[in-house]
Amino acid sequence: MNCSISGEIPEEPVVSKNSGLLFEKRLIERHILDYGKCPVTGEPLSIDDIVPIKTGKIVKPRQAASIPGMLGMFQNEWDVLVLSNFALEQQLHTARQELSHALYQHDAACRVIARLKKERDEARSLLAQAERQMPLSSTSISSNAAVNVNGKRVNEDEELGPDGKKIRPGISATVISELTDCNASLSQQRKKRQIPPTLVPVEALESYTQISSHPLHKTNKPGIISLDINHEKDVIATGGLDTNAVLFGRSSGEILSTLSGHSKKVTSVKFVTRDDLFLTGSADKTVRVWQPSDDGNYNCSHILKDHTAEVQAVTVHATNNFFVTASLDNTWCFYDLASGLCLTQVAEASGTEGYTSAAFHPDGLILGTGTSEALVKIWDVKSQKNVARFDGHVGAVTAISFSENGYFLATAAHDGVKLWDLRKLKNFRTFAPYDSETPTNSVEFDHSGSYLAIAGSDIRVYQVASVKSEWNCIKTIPDLSGTGKATCLKFGTDAKYLAVGSMDRNLRIFGVPGEDGPMET
């Protein structure tokens with residue numbers, strides 16, 4: 001029989017009257033003196049409650065005079081160690097049981113909270129949609145309700161939270177699922193993507209020259225500051241200092257429509273290929289959603305007034321169902337395109353810098369923003385969390401462009417252009433093409449990710465390479481506006497042409513001489 005404490009055969013065995021357990025006499029006596037209870041059952045136990053058991057004496061070999069003292073000391077230390085180890089094992093078992101119970105309660109609480117949040121977000125979304133679909137009576141329209149040019153309601157005073165900010169329905173689980181599915185589909189396609197055979201080769205791009213020039217904006221307020229291209233219809237949109245946005249048909253060489261309604265300069269224009277919608281952002285703090293009418297013009301379907309400062313950028317998600325606006329009020333808004341509803345407005349508590357540029361990653365789950373304080377911020381769209389920051393620029397970040405391969409990010413500021421590797425989150429190349437007094441106004445990858453264009457006092461086109469290889473400047477185009485300031489640019493389909501806006505009123509098209517296109521006007 002073994003001792004219930006040490007697990008060894010006892011030299012002086014004793015048994016407890018209460019529990020009937022067997023112990024080594026010196027171990028149980030010491031435990032009783034320290035704790036006054038049974039080490040196994042925890043019941044009160046005294047010296048009188050233990051009974052010695054008679055056994056045959058074990059004859060020990062003779063030992064030297066100094067050895068028994070050492071052995072006695074070692075035995076005492078061993079007894080203390082055994083008692084301490086036994087107490088620790090009991091405490092460990094108790095702690096494990098308590099930790100297991102606590103973890104189970106925490107997991108259950110997290111599941112309940114997640115379910116309640118999901119139900120809340122869905123309820124808010126349904127409520128917001130129901131409010132927009134409710135018919136308006138003349139008595140229910142308040143004096144400060146916002147209406148669009150056609151007399152339809154587009155925005156009323158929204159409910160304010162305890163902090164005085166508007167309550168947003170949030171990005172629901174359904175929207176996140178749609179964004180995730182789009183990301184998975186585009187990522188899979190990108191793995192199989194190849195450079196199209198119709199892409200203009202480097203030799204042809206080196207011969208680029210101006211093939212046409214078109215005066216689209218007013219002479220009293222010249223200046224084109226934003227530009228976008230609808231590649232499917234070969235239509236170019238420009239936003240100007242004259243508060244107008246102009247849609248220009250490149251093939252026909254004619255102005256298709258002039259969109260008026262903003263009270264200040266149009267800082268950003270974007271096509272939405274679905275339903276031929278069109279978006280404009282302006283320094284008048286508003287964003288307008290335009291849809292085509294039967295007569296070929298465009299009507300404003302929504303006026304969005306969620307920002308409190310200039311809207312500097314508009315970028316459309318790859319699903320064509322959502323878009324983001326960025327403003328100098330240090331917030332960016334995520335909108336549902338169909339309803340014009342702001343699902344969430346994201347602001348950082350730290351920092352007062354405003355946003356001067358924004359762009360979605362090609363896969364749609366990452367948003368890049370540039371600030372007036374030379375910072376580049378990368379956001380997780382699903383959680384609206386800032387997941388990365390890039391510094392090193394001088395001056396406001398004027399433009400952001402993601403490469404189609406999903407790995408490279410180009411940012412432009414006063415000091416030039418920086419290229420960032422999104423896999424390692426670091427800057428791997430910097431272009432400083434102009435002097436310290438000349439800012440870089442725009443940067444743009446072509447759709448294949450083969451070329452990079454920069455606009456400042458002139459236009460420069462680089463051939464895209466790897467992180468370690470050199471990015472060669474293959475073409476420098478002088479600014480023909482006479483202002484010395486090219487403000488925006490975009491590549492056409494397969495880089496067959498380059499559309500450039502400057503601080504005069506003309507849109508200029510650069511391409512290969514002799515290619516089909518409108519003559520210069």
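This briefing covers the nonpolar cores, one open sheet, the annotated repeats and the aromatic pairs of the structure. The model is predicted. Its largest nonpolar core has 21 residues, and a second, separate core has 20 residues. Strand E32 (497-502) supplies at least two residues of the largest core and also belongs to an open sheet of 4 strands.

**Nonpolar cores**

- In soluble globular proteins, nonpolar side chains tend to be buried together.
- Within the largest core, the residues with the most contacts are Tyr451, Val461 and Leu498.
- Several elements each give at least two residues to this core: helix H4 (202-205), strand E28 (451-455), strand E29 (458-463), strand E30 (473-478), strand E31 (486-491) and strand E32 (497-502).
- The second core, which is separate from the largest one, includes Ile171, Val324, Leu341 and Tyr355.
- Leaving aside residues up to four places away in sequence, Leu498 touches Tyr208, Ala453, Ile459, Val461, Lys490, Phe491, Arg508, Ile509 and Phe510.

**The open sheet**

- Strands of a sheet pair through backbone hydrogen bonds, either parallel or antiparallel.
- Here the order of the 4 strands is E6-E33-E32-E31, with antiparallel pairing.
- Strand E6 (209-215) and E31 are the edge strands, and each of them pairs on one side only.
- On average, and with direction ignored, neighbouring strands of this sheet are turned by 20° against each other.

**Strand E32 and its partners**

- All 6 of the 6 residues of E32 are buried, so the strand is largely enclosed by the rest of the structure.
- Tyr497, Ala499 and Gly501 point one way from E32, while Leu498, Val500 and Ser502 point the other way.
- E32 pairs with strand E33 (residues 506-511) in the antiparallel sense over 5 bridges.
- Two bridge partners in E33 can be named: Ile509 is the partner of Ala499, and Gly511 is the partner of Tyr497.
- E32 and E33 form a hairpin, with 3 residues between them.
- E31 and E32 also run antiparallel and are joined by 5 bridges.
- Leu489 has Val500 of E32 as its bridge partner.
- The hairpin of E31 and E32 has 5 residues between the strands, and in this hairpin Asp494 takes a positive phi near 55°.

**Annotated repeats**

- An unreviewed UniProt entry carries the annotation "repeat: WD" for residues 259-291, 304-345, 348-389 and 390-430.
- Residues 259-291 are 0% helix and 58% strand, and the end C-alpha atoms of this stretch are 11 Å apart.

**Aromatic pairs**

- The count of aromatic pairs comes to 10.
- Phe271 and Phe278 form a tilted pair, because their ring centres are 5.1 Å apart and their planes stand at 55°.
- Phe271 has 11% relative accessibility and so counts as buried; Phe278 is also buried, with a relative accessible area of 0%.
- Phe390 and Trp420 make a stacked pair, at 4.5 Å centre to centre and with 10° between the planes.
- Phe390 lies in strand E22 (residues 385-390) and Trp420 in strand E25 (residues 416-421), so their pair ties together parts that are 30 residues apart in sequence.
- Both Phe390 and Trp420 are buried.
- Trp332, Tyr355 and Trp379 are linked into a cluster by ring pairs; of these, Tyr355 is included in the second core.

How values were computed: Residues are numbered from 1 along each chain as its sequence is written. This is a predicted model: local features need pLDDT of at least 70, side-chain atom pairs count only at pLDDT 80 or more; totals for chains, interfaces and linings use all residues. Side-chain values use heavy atoms; hydrogens and water are left out. A nonpolar core is a set of buried Ala, Val, Leu, Ile, Met, Phe, Trp, Tyr and Cys residues joined through side-chain atoms within 4.5 Å. Buried means under 20% relative accessible area, exposed over 50%, partly exposed in between (1.4 Å probe, protein chains only). Contact means heavy atoms within 4.5 Å. Two strands pair if DSSP finds at least two bridges between them. Axes are lines fitted to C-alpha atoms, for helices over the stretch in contact, and angles run from 0 to 180 degrees between N-to-C directions. UniProt positions are given in the numbering used here, feature names are shortened, and annotations may be inferred rather than shown by experiment. Rings of Phe, Tyr and Trp (its six-membered ring) pair if their centres lie within 6.5 Å; planes under 30 degrees apart count as stacked, over 60 as edge-to-face and the rest as tilted.
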